[in-house]
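Reader: I am new to protein structures. Could you show me how to read an interface and a sheet?

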Amino acid sequence: MPAPVITLNHVSKVYSNGTVALQDMNMTIQEGQFVSLVGPSGCGKSTVLRLVAGLGHLTTGSIEWGKNLEKDAPRGEPKLAFVFQEPALMPWATVMDNVRLPLKLAGEPKPKADRDVLEALQLVGLRGFERSFPRELSGGMRMRVSIARALVTKPQVLLMDEPFGALDEITRSKLNSDLLELWQEKRWTVLFVTHNIYEAVYLSNRVVVMAARPGRVVADIPIDAPYPRSEDFRTSSLYNNYCREVSARLQEAMHGSAQDPYLRPPSAGRLR
Amino acid sequence: MFDPLIHLLDPLRRWLGSLVGLGEGWPLHWPDWALPKLTGAVEEKLRSQPTDEADMPSAGSGRPAKGLDLSRWFNLEVIAPVIVGILFLVGWEVAVRVTGVPHYLLPGPILVAQTLVRDWGTLFPSLLITVQITVVAFLAATVSGLLVSIVFTQSKWIERSFFPYAVILQTMPIVSIAPLIIIWLRNNTFAAMVVCAWIVAFFPILSNTTLGLNSADHNLLNLFQLYKANRWQTLIYLRLPSAMPYFMGGLRISGGLSLIGAVVAEFVAGTGGQRAGIAYQILISSFNLQVPRMFAALILVTGLGILIFVSLSALSDRVLGKWHESAVRREN
Ligand SMILES: Nc1ncnc2c1ncn2[C@@H]1O[C@H](COP(=O)(O)OP(=O)(O)OP(=O)(O)O)[C@@H](O)[C@H]1O
Ligand SMILES: [Mg+2]
């Protein structure tokens with residue numbers, strides 16, 4: 001029986017300029033789940049991730065962490081890693097130094113850190129590029145470095161904010177299957193933001209659809225397809241049905257919020 | 001970007017080549033940026049060779065290695081301004097001789113050069129004094145600018161409270177406060193001048209470095225926060241490296257300004273004696289209507305300014321370019 005890892009209780013977020021980014025958001029993520037957040041632009045997906053990562057204050061509500069996790073912080077959160085939409089690498093540092101950063105900040109001794117870094121680079125398939133600088137890598141390779149930097153701390157929870165949004169289709173699907181393989185091996189809990197429905201369905205065992213103004217959950221669709229998911233899964237009818245369903249919910253969410261945000265009560269669109 | 005320029009310049013290059021009598025092939029090499037255009041096909045072949053990793057843009061990989069470093073200096077970029085300069089000097093000399101302007105109004109360049117050689121014994125030691133003032137003020141401005149900007153970025157409130165005063169310090173005309181400083185520090189003229197030059201040179205470093213420290217990538221700042229980096233770690237591993245290009249830009253501006261500050265201070269102080277700077281020599285020469293000597297001193301000051309600018313540019317290129325290399329060497 002998997003235990004809840006992250007629980008959002010009635011979370012609201014109002015930015016200082018008055019934007020209501022999230023209103024009364026509830027969501028529970030179980031251990032080992034791969035959850036994708038999809039929704040129209042500006043619906044607060046990044047805000048959810050930032051709040052979960054502790055990079056900002058909640059206006060109301062709370063975020064709770066599972067009880068039986070190995071904790072490493074005074075806030076009582078497990079080991080987190082964040083992958084941003086941009087690779088966010090330090091241009092003046094080599095791949096090795098970039099990936100080593102989290103360990104260096106934690107004060108880990110260098111020989112041990114170096115072993116972990118090499119291992120992480122191995123995982124993302126970038127061995128041999130330790131001494132390259134970010135400017136010498138392609139966009140996909142930079143993203144891999146960014147992922148290696150996230151994995152090097154051996155996190156329990158992985159937060160990814162449209163990590164492959166800027167990549168071409170071929171690189172994206174390659175990184176998707178690589179990520180899925182790693183996830184099956186390491187069993188992280190993943191919260192993955194994307195605007196790509198196909199990517200969301202392919203990767204996740206749960207797709208959460210959000211609506212904008214104010215940001216809220218409107219649908220929570222379990223994807224009951226077994227892992228490992230091969231490339232064949234992408235052409236199966238099961239996959240297509242799920243994509244159609246997510247797409248329909250997304251359409252609803254967009255029209256519901258864009259045209260008559262106040263005519264329907266906030267909970268009406270929520271499908272559980 | 002330079003391609004249209006090359007087409008425009010090519011006939012000019014040929015013409016200059018024939019003029020100097022070195023034939024059409026002159027100058028032997030274009031500056032680096034023109035190379036991919038000229039040897040495009042060859043480069044392409046070189047590039048597609050198997051060595052995948054060694055394919056980084058290492059300097060001069062496609063350059064014909066003739067071992068002629070001199071050829072770098074014999075290109076259009078260097079020759080053209082030199083020719084303009086020579087033409088100007090010749091024109092000046094001819095104009096002075098033809099019109100018969102008296103020396104105390106406008107000396108010819110030859111007379112100025114003669115004066116420079118004759119008065120070298122008094123002018124050069126004065127120049128060294130000015131160099132001392134400039135260098136000490138510049139170093140002080142660099143260190144203080146860097147430290148103050150670091151303090152500023154530790155707290156928005158400190159920055160908000162003190163930055164206006166830094167601006168005021170900057171906007172006060174140095175000519176008008178220099179006498180005050182000289183009165184306050186009347187026992188130590190050297191220190192007074194250093195302070196004046198420092199006031200002028202301080203602000204660009206402060207404002208540039210503050211801007212640089214604050215312009216670290218916000219995703220990286222978030223990342224540092226996520227991994228619970230403390231202030232020091234964020235400063236040393238993120239903010240300072242991000243500020244490096246800005247800091248170097250500040251240095252280049254302040255280098256020239258500290259010389260200007262030193263010269264202005266010397267003018268205002270007007271003290272002679274053992275420790276008189278080059279500006280004092282200009283002042284004295286003007287009192288005595290020794291205009292050729294004024295010109296000679298002026299040449300020295302200008303030369304010093306150019307030297308400062310060129311060496312700071314070289315330093316900047318070195319630091320920002322070496323950045324990577326030094327990191328690589330640290331690896332093993
Ligand atoms: N720092 C901020 N200050 C004020 N408003 C903000 C800030 N960050 C986000 N917002 C607002 O909050 C809302 C949600 O933003 P958020 O970045 O979470 O959207 P998103 O779902 O990630 O969108 P996208 O898919 O375009 O990345 C938007 O309306 C945005 O304008
Ligand atoms: Mg976003």
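Author: We will take the interface first and then the sheet, keeping in mind that this is a predicted model.

Reader: How is the size of an interface often given?

Author: A common choice is the accessible area lost when the parts come together. Here, chain B and chain A bury about 2,600 Å² between them, and 62% of that is on carbon and sulfur atoms. In terms of contacts, 25 residues of chain B meet 32 residues of chain A.

Reader: How many salt bridges and polar contacts does the rule find across the interface of chain B and chain A?

Author: For salt bridges the count is 0, while 2 residue pairs are in polar contact.

Reader: Which elements give two or more residues to the side of chain B that touches chain A?

Author: They are α10 (218-226), α11 (231-269) and α13 (291-331) of chain B. The largest share, 7 residues, comes from α10(B). Sorted by class, this side of chain B has 13 nonpolar, 7 polar and 5 charged residues.

Reader: Now the sheet, please. How do strands of a sheet pair?

Author: They do so through backbone hydrogen bonds, either parallel or antiparallel. In chain A, 3 strands form an open sheet in the order β2-β1-β4, with antiparallel pairing.

Reader: Why is one side of β2 and of β4 of chain A left without a neighbour in the sheet?

Author: β2 (20-30) and β4 (60-65) of chain A stand at the edges, so each has a single partner strand. On average, neighbouring strands of this sheet are turned by 10 degrees against each other, direction ignored.

Reader: Could we look at one pairing in detail?

Author: Gladly! Strand β1 (residues 4-14) of chain A pairs with β4(A) over 5 bridges, in the antiparallel sense. Find A:Thr7, and you can look for its bridge partner in β4(A), A:Glu64.

Technical notes: Residues are numbered from 1 along each chain as its sequence is written. Chains are lettered from A and ligands numbered from 1 in the order in which they are written. This is a predicted model: local features need pLDDT of at least 70, side-chain atom pairs count only at pLDDT 80 or more; totals for chains, interfaces and linings use all residues. Side-chain values use heavy atoms; hydrogens and water are left out. Contact means heavy atoms within 4.5 Å. Buried area is the accessible area (1.4 Å probe) that two parts lose on being put together, summed over both. A salt bridge is a side-chain nitrogen of Lys or Arg within 4 Å of a carboxyl oxygen of Asp or Glu. A polar contact is a pair of N or O atoms within 3.5 Å; within protein, one must be able to donate a hydrogen and the other to accept it, and residues adjacent in sequence count only if both atoms are side-chain atoms. Helices (H or I, at least four residues) and strands (E, at least two) are DSSP runs, numbered from the N terminus. Ala, Val, Leu, Ile, Met, Phe, Trp, Tyr, Cys and Pro count as nonpolar, Asp, Glu, Lys and Arg as charged, and the others, Gly among them, as polar. Two strands pair if DSSP finds at least two bridges between them. Axes are lines fitted to C-alpha atoms, for helices over the stretch in contact, and angles run from 0 to 180 degrees between N-to-C directions.
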